[in-house]
Amino acid sequence: PVFVCGRDCLQPSFIVVFEEKNMLSAIDLQFLQGIPLFKDIEQDQALSRLAANLEEVQLPADHPILVQGEQDGHLYILRSGSVRVHLGDLELTTLGPGAYFGEMSLFDGGPASASVTTCAPVICLRLDRAQMGKAIADCPEIGLSLIRGLAVRIRQLNQRLSGWLRG
């Protein structure tokens, strides 16, 4: 399904859903294989099954995707556009096509640790916790790749924090 969201994706009046099953093409599969999260996955069938469960979400500029402290339970992969990751007014980073976010809640079910807001109109691919669990069961390398990505982000955060504390 393709979701086109307005200001609040939870309000049905703002959602346009196209009911066709959005099977990703070979080009889309190549896009996924080019994302660091999935680039080392050798099982094309596992990635194809995962891709078949992705939902495409189109969002306008200045739209909050994740709000710090709120539950979401989805992994988002940026297909186009850019988002900023922030804590209130403190911008942590900007992400572009191929980047992903929301992965921490897939493991612990916790709320978003930071807010993510679109900088421009974006197209995201979205996967929920249950679907990701099935994908990891099918192909454990996906889980290991997520853990590697989390480790990299923790290291980067530690380096930034160290720099801020040293002033």
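**Exercise 1.** How many nonpolar, polar and charged residues does the lining of the largest pocket have? Describe the pocket and the elements around it.

*Solution.* The model is a predicted one.

Step 1. Sorted by class, the lining of the largest pocket holds 21 nonpolar, eight polar and five charged residues.

Step 2. The volume of this pocket is about 920 Å³. Its lining consists of 34 residues, and those closest to the centre are Val85, Thr93, Glu103, Met104 and Arg153.

Step 3. At least two lining residues come from each of β6 (83-87), β7 (90-95), β8 (100-101), α3 (103-108) and α5 (140-166). With eleven residues, α5 gives the most to the lining.

**Exercise 2.** Which residue forms a salt bridge with Arg153? Place both partners in the chain and give their burial.

*Solution.*

Step 1. The partner is Glu103, and the closest N and O atoms of the pair are 2.8 Å apart.

Step 2. Helix α5 contains Arg153 and helix α3 contains Glu103, so the salt bridge ties together parts that are 50 residues apart in sequence.

Step 3. The cut-off for buried is under 20% relative accessible area. Glu103 has 3% and is therefore buried, whereas Arg153 has 29% and is partly exposed.

Step 4. Return to the pocket: Arg153 and Glu103 are both among the lining residues closest to its centre.

**Exercise 3.** How many salt bridges does a search of the whole structure find? Analyse the one formed by Arg126.

*Solution.*

Step 1. The search finds two salt bridges.

Step 2. Arg126 pairs with Glu55, with 3.1 Å between the closest N and O atoms.

Step 3. Arg126 lies in strand β10 (residues 122-128) and Glu55 in strand β3 (residues 55-59); the two are 71 residues apart, and the pair links distant parts of the chain.

Step 4. Apply the burial cut-off of under 20%. Arg126 has 14% relative accessibility and counts as buried. Glu55, at 18%, also counts as buried.

Step 5. Consider Leu125, which is found in strand β10 too. Its C-alpha atom is separated by 5.4 Å from that of Glu55, although the residues are 70 apart along the chain. Leu125 is buried, at 2% relative accessibility.

**Exercise 4.** Which residues form a nonpolar patch on the surface? Find the element that gives the most to the patch, and check Leu87 against the accessibility cut-off for patches.

*Solution.*

Step 1. The members are Leu87, Leu90, Leu161, Trp164 and Leu165, which together have about 490 Å² of accessible area.

Step 2. α5 gives the most to the patch, with three residues. This helix also gives the most to the lining of the largest pocket.

Step 3. Leu87 belongs to strand β6. A patch residue needs over 30% relative accessible area. Leu87 has 32% relative accessibility and counts as partly exposed.

**Exercise 5.** Where does Asp62 lie? State its backbone angle and its exposure.

*Solution.*

Step 1. Asp62 is in the loop between β3 and β4 (64-66).

Step 2. The phi of Asp62 is positive, about 60°, although the residue is not a glycine.

Step 3. Exposed means over 50% relative accessible area. Asp62 has a relative accessibility of 60% and therefore counts as exposed.

Key
Residues are numbered from 1 along each chain as its sequence is written. This is a predicted model: local features need pLDDT of at least 70, side-chain atom pairs count only at pLDDT 80 or more; totals for chains, interfaces and linings use all residues. Side-chain values use heavy atoms; hydrogens and water are left out. On a 1 Å grid over the protein atoms alone, a cavity is a set of points where a 1.4 Å probe fits but cannot get out, and a pocket is an open set with protein on both sides within 12 Å along at least five of seven lines; lining residues have an atom within 4 Å of a point. Grid points are joined across faces, edges and corners, and a volume is the space filled by probe spheres set on the points. Helices (H or I, at least four residues) and strands (E, at least two) are DSSP runs, numbered from the N terminus. Ala, Val, Leu, Ile, Met, Phe, Trp, Tyr, Cys and Pro count as nonpolar, Asp, Glu, Lys and Arg as charged, and the others, Gly among them, as polar. A salt bridge is a side-chain nitrogen of Lys or Arg within 4 Å of a carboxyl oxygen of Asp or Glu. Buried means under 20% relative accessible area, exposed over 50%, partly exposed in between (1.4 Å probe, protein chains only). Patches are made of residues with over 30% relative accessible area and no salt bridge: like charges are joined within 9 Å, nonpolar side chains (Val, Leu, Ile, Met, Phe, Trp, Tyr) within 5 Å. Accessible areas come from the Shrake-Rupley method with a 1.4 Å probe; for residues, only the protein chains shown count as cover.
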